[in-house]
Amino acid sequence: MKVDRILEIIIYLTNHNNVPASYLAERFHVSVRTIQRDMVSISSIGIPVYSEGGKYGGYSILPTYKIRNSNIRNDEHQMIKKALESLATSYTSDTLKALIEKYNAIIEREGGQKIFWDFGVTRENSHVQNMNHLLEQAIAERKHIIFHYRNADGRKSKQYIEPLAIHYKWYAWYLFSYSPEKKQYRTFKVARIQNLYIDDTVSVIKHSDIEKLMKESEQEYYQTCIHIEVQFDTEYTNLMSEYFPDCPAEKLTETMSRIFIDVPAKERLWKALLLSFGNKIKVVGPEEYKKELIETAKKFWSNYDK
């Protein structure tokens, strides 16, 4: 929409000087002529925008013009917080970029920047980003999708579902969907989706509150999680709290403590995390899970010349 674009241009120019019309046209997916008309509109509402010619010229807003904190509501601050959290996933979005520009225009920056973010280690790869864009498109158009899927055990299957939402948890993106064939809601890990194709079939099913459905599905999933008892030397309590912040430590003796964690039954990430502690921890139960960890450690050890 034109109003949204003009607002985003104002925010962007508040943070940047001498921005070429060609760059703005590319950024906002319009023509240079449209940008020129937008500048006329911006000037007409009293915002002091001016242009400079030459090779390094472009549009700017007078330095004396500032966006004040009063221009942003408390609920928008919450959106900014969520946007910065989303930055950890390297989720590319024009809306997200514009929101961060708005944040940069409003925060006080006297004395230089004091807080920095670097979420590179948690970013998903380009495959996941591309999948997210396709899924967003399918969700917006209410179209079904077809894709090949590989579960945690490596088994492959072909899926035909209606995508309803994508969400980020456990350091990964997930797709919440509805299977018309099985008539049930299902969750897929985006990184495991391959050969995604958007079908022309448009869904006519009216789903209730998607967020509520996701929470109900998540609760059902948690019921299938494994309740694991992990014991460790009390001196490692801070280390356990760092990796399992929601699992309070319980002291058994003067030197030994334990925690209980609930982990997905088939996810390898948790096994890898537990094994990474080496002899600092001991998995006490359940017995079956302990045996799986021992077997995994043996297979890893068998790859090396002992």
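This is a walk through a predicted model, from the whole chain to its two larger sheets and the helices on them.

Residues are numbered from 1 along each chain as its sequence is written. Local features need pLDDT of at least 70, side-chain atom pairs count only at pLDDT 80 or more, totals for chains, interfaces and linings use all residues, and side-chain values use heavy atoms, with hydrogens and water left out.

Start with the whole chain. It has 10 helices and 11 strands. Both are DSSP runs numbered from the N terminus: helices are H or I with at least four residues, strands are E with at least two. Of the 306 residues, 37% are buried. Buried means under 20% relative accessible area, exposed over 50%, and partly exposed in between, with a 1.4 Å probe and protein chains only. Take the contacts between residues at least 6 apart in sequence: 60% of them join residues at least 24 apart. A contact means heavy atoms within 4.5 Å.

Strands β1 (residues 49–52) and β2 (residues 58–61) run antiparallel and are joined by four bridges. Two strands pair if DSSP finds at least two bridges between them. S51 stands opposite Y59 in β2. The two strands form a hairpin with five residues between them. In the turn, G54 has a positive phi of about 95°.

Next comes an open sheet of five strands. Its order is β6-β5-β4-β3-β7, with antiparallel pairing. β6 (184–189) and β7 are the edge strands, each pairing on one side only. On average, neighbouring strands are turned by 45° against each other, direction ignored. Axes here are lines fitted to C-alpha atoms, for helices over the stretch in contact, and angles run from 0 to 180 degrees between N-to-C directions. Five bridges join β3 to β7, and I146 stands opposite Y197 in β7.

Two helices lie across this sheet. Helix α7 (residues 210–222) crosses β4, β5 and β6 at about 110° to β4. Helix α6 lies across β3, β4, β5 and β7, running at about 10° to β7.

Look more closely at α6 (residues 126–141). Its 16 residues should span 22 Å at 1.5 Å a residue, and its end C-alpha atoms are 23 Å apart, which agrees. The expected span is 1.5 Å times one less than the number of residues. Its buried residues are V128, Q129, M131, N132, L135 and A138. Their cover includes β3 (143–150), β4 (156–169), β5 (172–179) and β7 (193–202). A140 is also in α6, but counts as exposed because its relative accessibility is 65%. Just after the helix, R142 takes a positive phi of about 55°.

The other open sheet has four strands in the order β9-β10-β8-β11, again with antiparallel pairing. Its edge strands are β9 (250–251) and β11 (281–285). β8 (residues 226–233) and β10 (residues 256–263) pair over eight bridges. I228 has I261 of β10 as its bridge partner. Helix α10 (residues 287–301) packs on this sheet, touching β8, β10 and β11. Its direction makes about 140° with that of β11.

Helix α9 (residues 268–276) packs against α10 at about 75°, with the axes 11 Å apart. That makes the two roughly perpendicular, a class that covers 65 to 115 degrees, while under 35 is roughly parallel, over 145 roughly antiparallel and the rest oblique. W270, K271, L274 and L275 of α9 meet Y289, E292, L293, T296 and A297 of α10.
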